[in-house]
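I opened the model to look up two things, confidence and salt bridges. My notes follow in the order of looking.

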Amino acid sequence: MSAPPLRRAGRPTRPRRTAGRRLGQVGQSLAVCDLTPRFDLPAPTCARALIGWTLRLDGVGGVIVETEAYDRSDPASHSYRGPTPRNAAMFGPVGRAYIYRIYGVHWCLNVVCGDPGSGQAVLIRALEPTRGLDQMRLRRGVGDDRALCSGPGKLCQALGVTGAHDHAPLDTAPFRLEPPAGPPGDVLTGPRIGLTKGVETPWRFGLKGSRFLSRPMR
């Protein structure tokens with residue numbers, strides 16, 4: 001896959017102020033302070049902290065209820081063997097999208113995080129749809145709201161994510177990332193899904209009690 005040129009080439013994007021909150025630290029779902037969203041956190045920390053945030057593309061989206069973390073030390077990660085043209089976004093500025101295709105059919109959306117160049121990212125596995133549901137239903141061809149964004153390929157189809165969004169900053173248009181109004185609830189942890197390597201690494205995070213997970217948390 002050929003990635004489009006970086007926006008604001010050569011300059012990391014500074015996340016803009018977002019309602020006085022930032023992504024939390026380990027053990028916290030949200031930290032309230034006067035800082036902007038933090039993407040320079042380790043992938044597992046960022047993956048847990050993103051639960052409860054709202055992600056939209058061109059106004060269509062919902063609340064993040066399920067994520068998975070990946071870093072360069074992880075044999076299941078695309079960055080494990082180093083930079084390639086396909087995974088270049090993982091080694092670029094943090095706070096950007098890393099988009100790839102699975103099975104030659106489904107796009108997957110990831111948030112680049114950690115130290116710049118460290119090859120860390122968070123896969124957005126599921127959303128609770130809240131905005132633009134009619135557009136999502138049309139794109140997905142289904143009427144059950146629980147089936148709109150309950151998986152990484154489904155949510156990309158519902159939001160209209162494609163390879164053209166690879167490298168795009170997630171804190172500026174057409175994307176929008178917003179914090180929850182309060183603590184989102186308990187976050188459960190478990191092994192990731194659909195892997196042959198790093199199977200037991202407990203880097204899958206899901207909002208307890210959500211009806212919109214891709215699969216129940218073990």
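**Entry 1: confidence**

I began at the N-terminal end of the numbering: over residues 1-36 pLDDT stays under 50. pLDDT is the predictor's confidence in each residue, from 0 to 100. For these residues the model still has 93 contacts beyond four places in sequence, a contact being heavy atoms within 4.5 Å. I do not lean on them, because predicted coordinates should not be read in detail where pLDDT is low.

I noted the ground rules. This is a predicted model, so local features need pLDDT of at least 70 and side-chain atom pairs count only at pLDDT 80 or more, while totals for chains, interfaces and linings use all residues. Residues are numbered from 1 along each chain as its sequence is written, and side-chain values use heavy atoms, with hydrogens and water left out.

For the protein as a whole I found a mean pLDDT of 84, with 83% of residues at 70 or more. I then looked by element; helices (H or I, at least four residues) and strands (E, at least two) are DSSP runs, numbered from the N terminus. Strand β2 (residues 31-32) has the lowest mean pLDDT, 34, and helix α2 (residues 133-140) has the highest, 98.

**Entry 2: salt bridges**

How many salt bridges does a search of the whole structure find? It finds nine. A salt bridge here is a side-chain nitrogen of Lys or Arg within 4 Å of a carboxyl oxygen of Asp or Glu.

I looked up glutamate 178 with arginine 56, which meet in a salt bridge at 3.5 Å, N to O. Glutamate 178 lies in strand β8 (residues 175-178) and arginine 56 in strand β3 (residues 54-57), so the pair ties together parts 122 residues apart in sequence. Next I checked accessibility (buried is under 20% relative accessible area, exposed over 50%, partly exposed in between; 1.4 Å probe, protein chains only). Arginine 56 is buried at 10%, and glutamate 178 is partly exposed at 21%.

**Entry 3: two more pairs and a network**

I went back to helix α2, where arginine 137 and aspartate 134 lie three residues apart, about one turn of the helix. Their closest N and O atoms are 2.7 Å apart, in a salt bridge. Aspartate 134 is exposed at 62%; arginine 137 is partly exposed at 27%.

Arginine 146 and aspartate 144 form a salt bridge with closest N and O atoms 3.5 Å apart. I found arginine 146 partly exposed at 42% and aspartate 144 partly exposed at 37%. Elsewhere, Glu66, Glu68, Arg125 and Arg204 are joined into one network by salt bridges that share partners.
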